[in-house]
Amino acid sequence: MLYREAGQFKSSYAADQAIFPIAQDRWAVWAFLAVAFLVVPFFVNDYWTNAILLPLLIYGMAALGLNILVGYCGQISLGTGGFMAVGAYASYKLMTSFPELNMIVVVLLSGGITAAVGVMFGLPSLRIKGFYLAVATLAAQFFLVWLFNKVGWFYNYSATGQINAPDRFLFGFQLTGASAQPWVKYLFCLTLLTVFALIAKNLVRGRIGRNWMAIRDMDIAAELIGVRPLMTKLSAFAVSSFYIGMAGSLLFAVYLGAVEVGESFGINVSFLVLFMVIIGGLGSIVGSFMGAAFLVLMPILLKNFMVDGLGLMPVTAKHVEILLMGLLIIFFLIVEPHGLARLWQITKEKLRMWPFPY
Amino acid sequence: MNAFVDPAGMSGHSGLARGEVLLRVDNVSLSFGGVKAITNISFDILKGEVRAIIGPNGAGKTSMLNVINGFYHPQEGTITWRGQVRRKMRPYEAASHGIARTFQNVALFKGMTTLDNIMTGRGLKMRKNFFWQCLHWGPALKEENEHRRKVEEIIDFLEIQAIRKTPVGRLPYGLQKRVELARALAMEPELLLLDEPMAGMNLEEKEDMSRFILDVNQQFGTTIALIEHDMGVVMDLSDRVVVLDYGRKIADGPPEEVQSNQNVIDAYLGVPHGN
Ligand SMILES: Nc1ncnc2c1ncn2[C@@H]1O[C@H](COP(=O)(O)OP(=O)(O)OP(=O)(O)O)[C@@H](O)[C@H]1O
Ligand SMILES: [Mg+2]
């Protein structure tokens, strides 16, 4: 009886269209944000940021971006890894060419550059759909990785072919480089993700988001009510790539510090992020984060359980983990094809009824 | 019944007087490879009327609507819209010039709620740019709420308040057809093309739908082109009827006249083609 909307009447359309129309949800979110921003930074250490928090935030950003394209606009993409690489290399070039550039600007510009590249590779989407588009984006993935390997200019002709993030400071705190503090990295990523999650939510509940979904659900009808397919699809590619580019930028500059393109941005990354989106829930902002959390946390939990709990060899545990993850993904797709977000929604609907079953 | 639109104040409308020619197709022919869907058809639609298009299955009725709103481009003939002659329409152009339609097989946005489906119909009238959309605040929020108000009026008009927040995929067929009409009305069209709006409905639903169509026509002055198989409905609703058979026009005139036309009777009985 604690969680329900009874008595919470909406007196305006604005209130009815609020992100979290139910007061309990609103409080929960504020509390969650308060803990994330005000409490967690005092307790984070290297293990927590590197193993859990940064991957969670950064892959959350990537999943959010991909979900805009796949979940909201219905355009399939297997090029996520490649687009993240664009963000990473854009950051590297910006950081080395303009050492004074503020890191926020670097990340945003990297997103912008990736958006432009995304639009280029999104152009075929006007003509081709479904599997064919998937193949086209797959080509983008391989082309981009090849490009960053091949053309020395992108990695400043370094002998190893790697790119390394130079030391950069934000408001006097070291953000990138070996001696950056965990809490600085964490807060930087958290802030960006929070702001851009809000922007994504705003976009999808307004005109542009409705046009994306209209194209996804019935492109012919959408066109006949005045939605322009090219503009709409390209805007989805642009916004999606912007987010994915920022994720790539953060992964490189803040999280890894050093990157070899094939290793960090290969096809497996494309699939990983796609799985996050599918498991979390296509067409759901919060689902993107749930999917990212699931695929980041589950392997860690499984590994800890098997190695520390069952005393398995780490190598064996790794194999079992991969196997189990595969099974879990299949299990989820069968049990709830609409993803974790849908499960969560059903739980909330049940809670709203509680304690009465109907 | 709520009057939600003041016809005089509607944007994008021609200002043609009732009874003037709103749309005319001249000698239009359309074929797909070897299949001739439409052969040399001409007719007009007058401002303010309900114009029925009837004919047996495969006669080319849907193709005709598709030509009118630019989804198909005819090989021959011209389309005159508000006095402007053109070889073909384009979907975006048709939509922004006030032509809306519903589909024979419901073409709703399945994953979206009733409300969002109808709101999408207002997209062309929304102006706030990408930046404001990101903020969803200030002018963008104001615009969103203004359009929400309009949409709520349409929801009241079509009596679908209860399914406002329901994903349309879960709705029964009859209601889906109604939501589709709502989405078309949200565009505040000057010409509304309805492709078998009552197909698959029971008697009560048909009566409701007939009433809505008449109300739209009479209260808002919306011109309507209606494809319908139920002759009773056609007789009740339409001012003039054009009859197609095998892609050709075989009759055109007031309902009573068309009904007693020998060509039409033969076509429906399948006499000339022994179908
Ligand atoms: N996209 C298309 N490609 C090929 N042939 C088509 C296409 N659209 C329509 N046709 C053909 O054109 C002819 C007319 O079809 P249309 O759908 O316009 O008929 P209709 O009068 O609407 O029939 P119904 O009452 O069954 O809806 C049919 O022979 C049909 O097979
Ligand atoms: Mg038809």
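## The magnesium site

In this predicted model, the magnesium ion (ligand 2) picks up two protein donors, B:Thr62 through OG1 and B:Gln104 through OE1, at 1.9 to 2.1 Å. Donors here are N, O and S atoms within 2.8 Å of the metal (3.2 Å for Na, K and Ca), and water is not among the atoms, so sites may look incomplete. B:Thr62 sits in helix H1 (residues 61–68) of chain B, while B:Gln104 is in the loop between strand S6 (99–102) and helix H3 (114–120), so the pair ties together parts 42 residues apart in sequence. Helices (H or I, at least four residues) and strands (E, at least two) are DSSP runs, numbered from the N terminus.

How exposed are they? B:Thr62 counts as partly exposed at 25% relative accessibility, and so does B:Gln104 at 29%. The cut-offs are under 20% for buried and over 50% for exposed, with partly exposed in between (1.4 Å probe, protein chains only).

## Two domains in chain B

Chain B is split into domain 1 (1–98 + 189–275) and domain 2 (112–187), with bounds from an automatic or database domain assignment. The contact (heavy atoms within 4.5 Å) takes 25 residues from domain 1 and 17 from domain 2.

Two salt bridges are counted between the domains; that means a side-chain nitrogen of Lys or Arg within 4 Å of a carboxyl oxygen of Asp or Glu. On the domain 1 side, H7(B) gives the largest share, nine residues.

## Ground rules

Residues are numbered from 1 along each chain as written, and chains are lettered from A and ligands numbered from 1 in written order. Local features need pLDDT of at least 70, side-chain atom pairs count only at 80 or more, and totals for chains, interfaces and linings use all residues, while side-chain values use heavy atoms, leaving out hydrogens and water.
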